[in-house]
Amino acid sequence: MKFATKAIHAGQEPDPSTGAIMTPIYQTSTYWQKSPGDNKGYEYSRGTNPTRKALEACLAALENAKYGLAFSSGMGATDAVMKLLKPGDEVITGNDLYGGSYRIFTKVFANYGIKFHFLDLSDPEIINGYINENTKLVWIETPTNPTMQVVDIEAIAKITKTKGLIFVVDNTFASPYLQNPMDLGATIVMHSITKYIGGHSDVVMGALMMDDEDLYKRLWFIYNACGATPGPMDSFLVLRGIKTLHLRMKAHCENGRKVAEFLKTHPKIDKIYWPGFVDHPNYEIAKKQMRDFGGMISITLKGADLKETFRVASSFNVFSLAESLGGVESLINHPVTMTHASIPKEEREKAGVVDNLLRLSVGVEDVDDLIEDLKQALN
Ligand SMILES: *Cc1c(COP(=O)(O)O)cnc(C)c1O
């Protein structure tokens, strides 16, 4: 089945009891048992719920994976992956990560004796120098947040496969419409569903997709034992959101390209980060592993201090100043004080997250209105 058909149908069938086309919201915590253990495969909704189960099957299909697990947030999904590890284990990851991922690694799991190496992954071979007998997992994000570096998934997978490491790709920025890391050798794909997959800024949710049955069983155990699982209403909202994922992504990419081209020559813009430019340092890899380039763009303002950056960030009429991304509405974010505030100044500046950097999530409004808004705000 092709992507658009999976987005609308995967995991979903007319409800057997009524024929309802839409998956019912099974708003129940528990299930009747005829006699102890004699049930229809459902016991308690922390572990299994039919609405969530339909969503998980759909999510797995979108990433060409066998199994999907939905979590009550992206961080809940990340937390579950890290709980596969033991004290003494080591993780290799990028140095340009979502702030919350950096925070859970350094402030939570480092306390449990797990060691993290934060590397510039523009040369994938760099990881060879950090792999030892304690290394268990490689975690990457691509494109990275917020500087839109593109990491070569296939090149990293080649190394992790020969060393027997778990290879996780946070695919939030690309969405499954633009990139499928499982096809390139990833072991687990992670998503913040909150962003493009949900798409309407009305749900916080996360997911993990994978092929390996043993890994799925271990992760399902953690999911049920630790309990960061989403409710049926949220699962329904995401199932509904996914039905237009392909249409939304097409519009995000089209608007993203026009906005990026407008900003590239604007006299107030210093640097612009968008992987669709031929002169982007990772353009060839982006072209190889992504179907299009998305609607996430970061810019630095020429000669602007923090005050001037704040003035611009607060001057928009159509874009909203807010954290998050991937919704139908356009958002603008100041990473240093918002999404990436939990990363120490020295660390974040190494990755280009500087005071005059702004990140745009280009929505699906009329692009003429978005460009007009940028013109007046940058003035
Ligand atoms: C938002 C985000 C997360 C965290 O997801 P939540 O749903 O907010 O918990 C992880 N990775 C990336 C790239 C994100 O943008």
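Student: Which residues of α4 are buried in this predicted model?
Tutor: Helix α4 covers residues 99-108. The cover over its buried residues includes α3, β2 (90-94), β3 (115-119), β4 (135-141) and α12 (345-350). The buried residues of α4 are Gly 99, Gly 100, Ser 101, Tyr 102, Ile 104 and Phe 105.

Student: At roughly what angle do α3 and α4 cross?
Tutor: Met 75, Thr 78, Asp 79 and Met 82 of α3 meet Gly 100, Ser 101, Ile 104 and Phe 105 of α4. The crossing is right-handed. The two axes come within 11 Å, and they cross at roughly 35°.

Student: How many of the nine residues of α3 are buried?
Tutor: The buried set runs through Gly 74, Gly 76, Ala 77, Thr 78, Asp 79, Ala 80, Val 81 and Met 82. Helix α3 is thus mostly covered, and the number of its nine residues that are buried is eight.

Student: Which residue caps the N-terminal end of α3?
Tutor: Look for a side-chain oxygen by the backbone nitrogen of Met 75. The distance between the two atoms is 3.4 Å. The oxygen belongs to Ser 73.

Student: Is the crossing of α2 and α8 left-handed or right-handed?
Tutor: Helix α2 (residues 50-62) packs on helix α8 (residues 232-242) at about 35°, with the axes 8 Å apart. On the α2 side, the contact is made by Thr 51, Arg 52, Ala 54, Leu 55, Cys 58, Leu 59 and Leu 62. On the α8 side, Pro 232, Ser 235, Phe 236, Val 238, Leu 239 and Ile 242 take part. The crossing of α2 and α8 is left-handed.

Student: What distance separates the centres of domain 1 and domain 2?
Tutor: The chain is divided into domain 1 (3-242) and domain 2 (245-378). Across the boundary, 43 residues of domain 1 are in contact with 42 residues of domain 2. Taken over C-alpha atoms, the centres are separated by 26 Å.

Student: Where does the largest nonpolar core lie, given the domains that give residues to it?
Tutor: This core has 70 residues, and those with the most contacts inside it are Leu 59, Ile 242, Val 259, Leu 263 and Ile 297. Its largest share, seven residues, comes from helix α9 (residues 245-264). Both domain 1 and domain 2 give residues to the core, so it lies between them.

Student: How many residues are in the second, separate core?
Tutor: Val 81, Leu 97, Leu 137 and Leu 219 are included in it. One of these, Val 81, is also among the buried residues of α3. The second core has 28 residues.

Student: Which residues of α9 does Ile 297 contact, leaving aside neighbours within four places in sequence?
Tutor: Helix α9 spans residues 245-264. The contacts of Ile 297 also include Ile 272, Tyr 273, Trp 274, Leu 358, Arg 359, Leu 360 and Val 362. Those that fall in the α9 range are Gly 256, Val 259, Ala 260 and Leu 263.

Student: Is Thr 194 buried or exposed?
Tutor: Thr 194 sits in the loop between β6 (188-192) and β7 (206-210). A polar atom of its side chain lies 3.0 Å from the backbone nitrogen of Met 205. Its relative accessible area is 14%. The cut-off is under 20%, so Thr 194 is buried.

Student: Which side chain joins that of Thr 172 in a polar contact of 2.6 Å?
Tutor: Thr 172 lies in the loop between β5 (166-170) and α6 (175-178). Thr 172 is buried, at a relative accessible area of 7%. Beyond four places in sequence, Thr 172 is in contact with Met 190, His 191, Ser 192, Lys 195 and Tyr 196. The side chain in the 2.6 Å polar contact is that of Asp 170.

Student: What is the omega of the cis peptide bond from Asn 145 to Pro 146?
Tutor: Pro 146 is placed in the loop between β4 and α5. Pro 143 lies in the loop between β4 and α5 (153-163) too, and the bond from Thr 142 to Pro 143 is cis, with omega near -10°. For Asn 145 to Pro 146, omega is near 5°.

Notes
Residues are numbered from 1 along each chain as its sequence is written. This is a predicted model: local features need pLDDT of at least 70, side-chain atom pairs count only at pLDDT 80 or more; totals for chains, interfaces and linings use all residues. Side-chain values use heavy atoms; hydrogens and water are left out. A nonpolar core is a set of buried Ala, Val, Leu, Ile, Met, Phe, Trp, Tyr and Cys residues joined through side-chain atoms within 4.5 Å. Buried means under 20% relative accessible area, exposed over 50%, partly exposed in between (1.4 Å probe, protein chains only). Domain bounds come from an automatic or database domain assignment. Contact means heavy atoms within 4.5 Å. A polar contact is a pair of N or O atoms within 3.5 Å; within protein, one must be able to donate a hydrogen and the other to accept it, and residues adjacent in sequence count only if both atoms are side-chain atoms. Axes are lines fitted to C-alpha atoms, for helices over the stretch in contact, and angles run from 0 to 180 degrees between N-to-C directions. A crossing is left-handed if the near helix is turned anticlockwise from the far one by less than a right angle, and right-handed if clockwise.
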